[in-house]
Amino acid sequence: MTTTEYDVVVIGAGPVGENVADRVVRGGLTAAIVERELVGGECSYWACMPTKALLRSASAMRTARRLPGVREAVTKDLDVSAVLARRDSFASHWKDDGQVSWLESAGIALHRGQGRIRSARVVDVTGVDGVVTRLTARHAVVVATGSSALLPDVPGLREAAPWSSREAASAGSVPRRLAIIGGGVVAAEMATAFAALGSSVTVLARDGVLPSVEPFAGELVKESLREAGVAVRVGAQALSVSRDDSGTVHIRTTDGDVLEADEVLVAIGRTPNTQDIGLDTVGLVPGAWLTVDDTLRVVGGGEWLYAAGDVNRRVLLTHQGKYQARAVGDVIVARAKGAKVEDGRWGRHVATADERAVPQVVFTDPEIASVGLTAASAAAAGLRIRVVDYDLGAVAGSSLHLDGYRGHARMVVDEDRKVIVGVTLAGPDVAELIHAATIAIVGEVPLDRLWHAVPAYPTVSEVWLRLLETYGR
């Protein structure tokens with residue numbers, strides 16, 4: 001066994017782990033990163049990039065068909081093979097050469113294999129050849145192993161070889177019939193994508209479509225899916241699943257039906273990738289989410305152990321995990337050098353935005369872009385709020401953007417501080433609008449000052465003026 005020493009060892013080379021290591025090296029320390037699969041992680045190959053590539057072509061086609069002059073020029077349906085080929089390119093054809101090259105250029109050492117914590121500041125890496133390399137960290141070990149799709153305990157489901165988000169994102173062909181168990185973001189986006197690519201899609205949405213967003217947004221997406229031919233069965237659950245010798249999947253549901261499909265996608269949630277990383281050697285529970293303090297140090301794991309990204313369950317979004325990674329990398333460097341740790345609210349070494357300023361875009365039709373609290377979560381947090389709604393389709397820029405533009409905007413105001421604590425936008429192409437709301441919430445910009453942020457005319461961003469006018473001065 002060979003032993004190598006670094007200042008920091010990171011387990012997991014997804015976007016979060018890469019960013020932790022990069023911040024550490026930029027801060028003057030040495031870093032090694034351990035990866036058992038592809039460098040770049042879930043987002044690069046099976047989530048963010050390939051799934052959005054699947055969705056984008058259909059989105060552009062819908063836009064074109066709603067613009068006179070362009071609509072007449074669109075005479076064919078989507079070229080499915082071209083869409084899948086573009087998806088493949090965004091997934092780098094499931095090869096990580098480019099990501100490995102970046103690690104080398106950044107001065108980050110890569111160790112391929114299964115990383116397991118052996119003891120305090122010690123990580124053993126078992127390669128595919130069974131050879132073990134021992135890595136010792138002078139200052140910190142960071143767990144950035146992410147999460148995997150959760151598979152429910154439904155009789156016959158595992159034996160039926162269901163799709164998870166990975167198989168959906170990397171599918172080499174489009175199934176004629178696709179059943180989706182779940183109604184959250186992955187379910188809604190993949191229903192949108194595969195329906196546009198020609199599948200007959202059925203969604204078993206036990207808790208409704210996008211139950212965590214503002215209700216009006218979930219309703220708009222549900223209506224749109226149904227208009228696109230998707231069978232959305234709210235409240236339905238799978239009781240048992242089987243796949244026969246012909247490959248057909250049979251799903252018995254709670255409403256007494258037996259649904260037949262060629263593939264079944266399970267999209268009901270995530271589970272942490274902590275089962276086989278040696279947590280038990282330091283008194284933690286294998287397979288559990290890791291609880292962290294404000295500087296993302298693992299509670300009960302010792303002052304040397306940190307966790308960033310999905311694995312700490314704060315926010316399961318890539319961009320938020322990368323935000324955490326920057327804080328983790330910087331605080332490790334500060335502590336290693338004896339510098340001041342800025343761990344107060346909105347300090348350099350904490351991830352305060354995880355609490356109430358998380359942006360998210362759901363790339364359905366319509367798109368749902370949100371940041372901060374919903375009206376329900378703000379009320380549950382004990383805030384005295386006022387909810388301001390506006391018809392996004394009534395904005396001049398929206399009517400120019402698309403004929404028959406349908407959408408809605410909501411602003412949630414903390415009446416005691418007179419600042420915005422939540423914004424949700426639902427409508428075609430609203431994704432690029434949400435950052436303005438994120439800045440307003442993070443900056444706690446008073447409404448009186450926002451009146452001086454004049455939106456350009458005629459753009460969809462004029463909705464900001466309309467929301468303020470509805471609120472009143």
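This is a walk through some helices, strands, charged pairs and a disulfide in the structure above. The model is predicted, so please read every value here as computed from it.

Let us begin with helix α5, which covers residues 97-106. Three of its residues, Val100, Leu103 and Ala106, are buried. Looking down the axis of α5, you would find the buried residues within an arc of 125°, so they line one face of the helix. Turn to the other side of α5 and you meet Asp97, Gly98, Glu104 and Ser105, which are exposed. The cover over the buried residues of α5 includes helix α1 (15-26) along with strands β2 and β3 (109-112). Just past the end of α5 comes Gly107, a residue with a positive phi, near 80°.

Strand β2, one of the elements covering α5, is a good next stop. It spans residues 31-35, and Glu35 belongs to it. Glu35 is a charged residue that is buried but has no salt bridge. The nearest side chain of opposite charge is that of Arg36, 5.4 Å away, whereas a salt bridge needs the atoms to be within 4 Å. What does the side chain of Glu35 reach at 2.7 Å? The partner is the backbone nitrogen of Glu37. Setting aside neighbours within four places in sequence, Glu35 also touches two stretches of the chain: Gly12, Ala13 and Gly14, and then Leu110, His111, Arg112 and Gly113.

Arg112, one of those contacts of Glu35, has a charged partner of its own. Arg112 forms a salt bridge with Asp96, with 2.9 Å between the closest N and O atoms. Asp96 sits in the loop between α4 (80-90) and α5, while Arg112 is in strand β3, so this pair ties together parts that are 16 residues apart in sequence. Are the two partners buried or exposed? Asp96 counts as buried because its relative accessibility is 8%, and Arg112 counts as partly exposed because its value is 41%.

That pair is part of a longer list, for the model has 35 salt bridges. Another one joins the side chains of Glu263 and Arg243, at 3.2 Å from N to O. Here the link runs between distant parts of the chain: Glu263 is in strand β14 (residues 263-266) and Arg243 in strand β11 (residues 238-243), 20 residues apart. With a relative accessibility of 28%, Arg243 is partly exposed.

Further along, Asp330 and Arg348 form a salt bridge whose closest N and O atoms are 3.4 Å apart. Asp330 lies in helix α9 (residues 318-337) and Arg348 in the loop between α9 and α10 (353-356), so the pair connects parts 18 residues apart in sequence. Asp330 is buried, with a relative accessible area of 10%, but Arg348 is exposed at 51%. Salt bridges can also share partners: Arg345, Glu355, Asp414, Arg417 and Glu444 are joined into one network in this way.

Our last stop is a covalent link. A disulfide is a covalent bond between the sulfur atoms of two cysteines. How many disulfides does the model have? The count is 1, and it is formed by Cys43 and Cys48, whose sulfur atoms are 2.2 Å apart. The torsion about their S-S bond is about -135°, so the disulfide is left-handed. Cys43 is buried, with 11% relative accessibility, while Cys48 is partly exposed at 22%.

Methods
Residues numbered from 1 in each chain as written. Predicted model: local features only at pLDDT ≥ 70, side-chain atom pairs only at ≥ 80, totals over all residues. Heavy atoms only, no water. Helix = DSSP H or I, 4+ residues; strand = E, 2+ residues; numbered from the N terminus. Buried < 20%, exposed > 50% of the residue type's maximum accessible area, 1.4 Å probe, protein only. Lys, Arg positive; Asp, Glu negative; His and termini not counted. Polar contact = N/O pair within 3.5 Å; in protein donor to acceptor, adjacent residues only side chain to side chain. Contact = heavy atoms within 4.5 Å. Arc of directions from axis to C-beta. Disulfide = S-S within 2.5 Å.
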